[in-house]
Amino acid sequence: MSMRALITDGQEVRLDRNWPEPDPKPGEAVVATRRVAISGLDRAAAGGLLSFRGVLGHAFVGTVQSIEPADAGPMTAANRSKIEAEQRVVGSICTSCGTCDLCQKGLRAHCRHQTILGLHHRDGCAAERFALPALNLVRVPETVDDERAVFAHDIAAAIQTARQITVEGKPYITVLGDGPLGLIMVQVLARLNASVRLIGHSARRLGICEKWGIKHRHADEIGRRADQDVVVDCTDSPEGLELAMQLVRPRGTIIRKCVLPPSAQRSVDLSPITRREITLTGSFDGPVSEAMHMIEREEIDVVSIIGRRMKLDDGETLLRATTQPDALRVQAEV
Ligand SMILES: [Zn+2]
């Protein structure tokens, strides 16, 4: 048996029509992919981040096809998944062993034996089927359709970032980058007791913020007065960090969301971090079940961020579609 899969071999991205079926380990589910969303993280994986080879894709909605019984052991009973076959699901992209020192310290998201869907030691979801631990899966309510459910990973990432921000005395927060993640991020952060604005380049995308009543500015129009308490870098460019360092106040915080393929990385002068005592931190992945609650209760507008509706068979053009100016979140049916 073989299947269709969007793969990278380290040189090029292509649709492979004879990719081997997933081989689930104990406790893992085989998920039949219904829809994937394509983003900068997939472009970074395709561009050689973490020397990834294999099936791309990390944001999905799928139907559980089968679940391998978990190994017997004390962790198994405590963590038994409630997921069953035939259920429609989304999922967390990082796996954990549950037994290493970091997992034992409560840092399962940073397990020493971690795999990451479509990025690190695990084939991704841009295929007819893929494997992921059943514990990573979250059921999609019937009232949420696939087009909205596939945003769960984006929203989870924004919730994670919101948790990393200390909200005291209505801080000034700037989100850099008006791509799909920036547009999700600014909606989630606008729910904090903070003054939040988005900075971008696209009139179309800034216009979506206008509709939401969220403050926004064109990047060419902003003063660089080093007065922001927090700057969240959601750009997919090396310039994002440089701009963030100009905008953040002394002893302020920069949270970096962007990931770049090796070819787009270049050296950046980090001396402002030292001189102005800036905190620079990263943010990755997040709580998918909370994200699904936000989608279900319509607390976030994702419909306005749906971009081109494509097919898995469109192959490598899926990645190219994400780089077009004004692009919103590209989705592909499998
Ligand atoms: Zn571990």
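In this predicted model, Thr115 touches several residues that lie more than four places away in sequence. These contacts are Ile93, Cys94, Thr95, His120, His121 and Arg122. Thr115 itself sits in the loop between α3 (101-104) and β7 (129-133). Its relative accessibility is 12%, so Thr115 counts as buried, the cut-off being under 20%. Two of its contacts are polar and run from side chain to side chain. One joins Thr115 to Thr95 at 2.6 Å. The other joins Thr115 to Arg122 at 2.8 Å.

A zinc ion is held by four cysteines. The SG atoms of Cys97, Cys100, Cys103 and Cys111 serve as its protein donors, at 2.3 to 2.4 Å. Along the chain, these donor residues follow the spacing C-x2-C-x2-C-x7-C. The angles among the four donor atoms run from 102 to 118 degrees, and the site is tetrahedral. Of these cysteines, Cys100 and Cys103 are both buried.

The next element is an open sheet of six strands. Its order is β11-β10-β9-β12-β13-β14, with parallel pairing. The edges are formed by β11 (215-218) and β14 (279-282). Each edge strand has a single partner, so one side of each lacks a neighbour in the sheet. On average, neighbouring strands are turned by 20 degrees against each other, direction ignored. Strands of a sheet pair through backbone hydrogen bonds. Within this sheet, β9 (residues 172-176) and β10 (residues 195-200) run parallel and are joined by five bridges. Val175 stands opposite Leu198 in β10.

Helices pack on this sheet. Helix α7 (residues 203-212) touches β10 and β11, and its direction makes about 160 degrees with that of β11. Helix α6 (residues 180-189) lies across β9, β10 and β12 (228-233). Relative to β10, α6 runs at about 170 degrees.

Helix α6 is mostly covered, with 10 of its 10 residues buried. Among them are Pro180, Leu181, Gly182, Leu183 and Ile184. Met185, Val186, Gln187, Val188 and Leu189 are buried as well. What do these buried residues of α6 pack against? Their partners include the strands β9, β10 and β12. They also pack against β16 (329-333) and against two helices, α5 (152-163) and α7.

Methods:
Residues numbered from 1 in each chain as written. Predicted model: local features only at pLDDT ≥ 70, side-chain atom pairs only at ≥ 80, totals over all residues. Heavy atoms only, no water. Pairing = 2+ DSSP bridges. Helix = DSSP H or I, 4+ residues; strand = E, 2+ residues; numbered from the N terminus. Axes fitted to C-alpha atoms, helices over the stretch in contact; angles between N-to-C directions. Contact = heavy atoms within 4.5 Å. Donors = N, O, S within 2.8 Å, 3.2 Å for Na, K, Ca; no water. Tetrahedral: all angles 85-135°; square planar, octahedral: opposite > 155°, others 65-115°. Buried < 20%, exposed > 50% of the residue type's maximum accessible area, 1.4 Å probe, protein only. Polar contact = N/O pair within 3.5 Å; in protein donor to acceptor, adjacent residues only side chain to side chain.
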